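Reader: I am in my first year of study and would be grateful for a close look at one part of this model. Could you take one chain, explain how its helices pack, and then place that chain beside the others?

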Amino acid sequence: MTLEINGQSFETDEEGYLANLSDWSSELAEAMAQHDGCDLTENHWEVVNFLREYYDEYQIAPAVRVLTKAIGKRLGKDKGNSRYLYELFPYGPAKQACKYAGLPKPTGCV
Amino acid sequence: MSEELQSGIVKKFLYINRRAPHGTNYAQEGLEVALIGAAFDQDVAMAYLDDGVFQLKAGQDTKAIGTKNFSATYRALGDYDVKRVYVERESLERRGLSEDDLMPLVYEDEDDDWEEKPLIHVVSAREMQQIISESDVLLNF
Amino acid sequence: MLHVVNKSPFEKNCLESCARLSQAGSCILLIEDGVYGALADGEACEVVQTCLEDRQVCVLGEDLQARGIEPDRIVSGVEVVDYAGFVKLAVEHPKVQSWL
């Protein structure tokens, strides 16, 4: 599959995850989100950026439970819970946010 | 998904890793499968023996061979609630390694103010026998 | 517990690791190239003999035959089982560790 953004095309897998991590840019993230009918707010970006840092450190996209716990530790319990994260990312916080972060599908999500 | 996972019965899984990390895919796949199992709330423990102990060697850097440095991913084991990583002492010693050569792995104890606790337990062959026999499901990589 | 070894001890360390990490009272079954470990005049015989002190050691007859190893060439005390015996062992020991 390919993703067309501003006349450029990017290779993705069949579920829309970027094939090459290095293709990612914040504009691309915005465009992917808009495609899903979602506007990225500061709260969304907090999670997306967190995921990119996590991947950089561990070479893995975390499963939703791991993400929730790690967000809780970093940003506080009021953000480290599924209700908050699902409100931001209704298609599943790990799956959807990983996609916008340009990461592969999380390890432990099917 | 299997009936066992759906029924909520937690089984003790032991992932037995006996191969060195970069020559074949076994190590990386074993690690990923273990993390997936742990994400499904199974009780997951890791055992490293024979050449498997090389997987935990500190300072791995795959830049020059052009492969993904998945050795960083072992540090995510604690995040996935894997709290037991066993390394057999004899396998280390026969390869001229000691516990000091291994990458430090920790988990953060949520119930103890996120205190970092060590994940790696170096055990004797006899202790490893016991660990293997007490596990419900053995998976080999 | 049933421990299964299917690699030659002259090529891989599976038999040795199995011997080191299986508990007294368990059963070790040699199949495929693992049957070479049972050769009485081979260098792996000592490992097998040590196992026999407190463990049951079996070898799959079909795999011996295929490799031209006569039953009188194997370490004494090692039991030769056929496929039906293999199934019986698997039923008797619900937990199996395969030293691949």
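Author: From the N terminus on, the elements of chain C in this predicted model run β-α-β-α-β-α-β-α-β. Counted by type, chain C has 4 helices and 5 strands. The radius of gyration of chain C is 12 Å, close to the 13 Å that the globule rule gives for 100 residues, so chain C is as compact as a globular protein of that length. The C-alpha trace of chain C spans about 30 × 30 × 25 Å along its principal axes.

Two further values describe the inside of chain C. Of its 100 residues, 38% are buried. If one takes the contacts in chain C between residues at least 6 apart in sequence, 67% of them join residues at least 24 apart.

The part to examine closely is a pair of helices in chain C. Two packed helices are described by the angle between their axes and the distance between the axes. Helix α1 of chain C covers residues 14-21, and helix α2 of chain C covers residues 45-54. These two helices pack at an angle of about 25°, and their axes are 10 Å apart. Angles under 35 degrees count as roughly parallel, and α1(C) is therefore roughly parallel to α2(C). The crossing of α1(C) and α2(C) is left-handed.

Which residues make the contact between α1(C) and α2(C)? From α1(C) come Leu15(C), Glu16(C) and Ala19(C), while α2(C) supplies Val47(C), Thr50(C) and Cys51(C). By class, the residues of this contact divide into 4 nonpolar, 1 polar and 1 charged. The spacing of such residues along a helix can be read with a general rule in mind. An α-helix has 3.6 residues a turn, so residues three or four places apart point the same way.

Another residue of the second helix deserves attention. Gln49(C) lies in helix α2 of chain C. Is Gln49(C) buried or exposed? A residue is buried if 20 or more other C-beta atoms lie within 10 Å of its own, and exposed if 12 or fewer do. Gln49(C) has 15 other C-beta atoms within 10 Å, and Gln49(C) is therefore partly exposed. Gln49(C) can also be placed relative to Glu92(C): the two are 43 residues apart in sequence and 23 Å apart in space, C-alpha to C-alpha.

Chain A offers a second example of helix packing. There are 5 helices and 2 strands in chain A, and along the sequence they follow the pattern β-β-α-α-α-α-α. Chain A has a radius of gyration of 13 Å, close to the 13 Å that the globule rule gives for 110 residues, so chain A is as compact as a globular protein of that length. Its C-alpha atoms fill a box of roughly 40 × 25 × 20 Å along the principal axes. Of the 110 residues of chain A, 32% count as buried. Among contacts in chain A between residues at least 6 apart in sequence, 50% join residues at least 24 apart.

In chain A, the axes of helix α2 (residues 42-58) and helix α3 (residues 64-75) come within 11 Å and cross at roughly 105°. Helices α2(A) and α3(A) are therefore roughly perpendicular to each other. Their contact is made by Glu46(A), Val47(A), Phe50(A) and Tyr54(A) of α2(A), together with Ala70(A), Ile71(A), Arg74(A) and Leu75(A) of α3(A). By class, this contact has 6 nonpolar, no polar and 2 charged residues.

Helix α5 of chain A, residues 93-100, is mostly covered, with 7 of its 8 residues buried. The buried residues of α5(A) are Pro93(A), Ala94(A), Gln96(A), Ala97(A), Cys98(A), Lys99(A) and Tyr100(A). What covers them includes α1 (26-35), α2, α3 and α4 (82-88) of chain A. Just after α5(A), Gly102(A) takes a positive phi of about 80°.

It remains to place the chains beside one another. No contact joins chain A and chain C, and the closest C-alpha atoms of these two chains lie 25 Å apart. Of the 2 pairs of chains in contact, chains A and B share the most contacts. The contact between them takes 15 residues from chain B and 13 residues from chain A. On the side of chain B that touches chain A, the residues divide into 8 nonpolar, 2 polar and 5 charged.

Key. Residues numbered from 1 in each chain as written. Chains lettered and ligands numbered in written order. Predicted model: local features only at pLDDT ≥ 70, side-chain atom pairs only at ≥ 80, totals over all residues. Contact = placed C-beta atoms within 7 Å. Nonpolar A, V, L, I, M, F, W, Y, C, P; charged D, E, K, R; others polar. Axes fitted to C-alpha atoms, helices over the stretch in contact; angles between N-to-C directions. Parallel < 35°, antiparallel > 145°, perpendicular 65-115°, else oblique. Left-handed = near helix turned anticlockwise from the far one by under 90°. Rg over C-alpha atoms; globule rule 2.2 N^0.38 Å.
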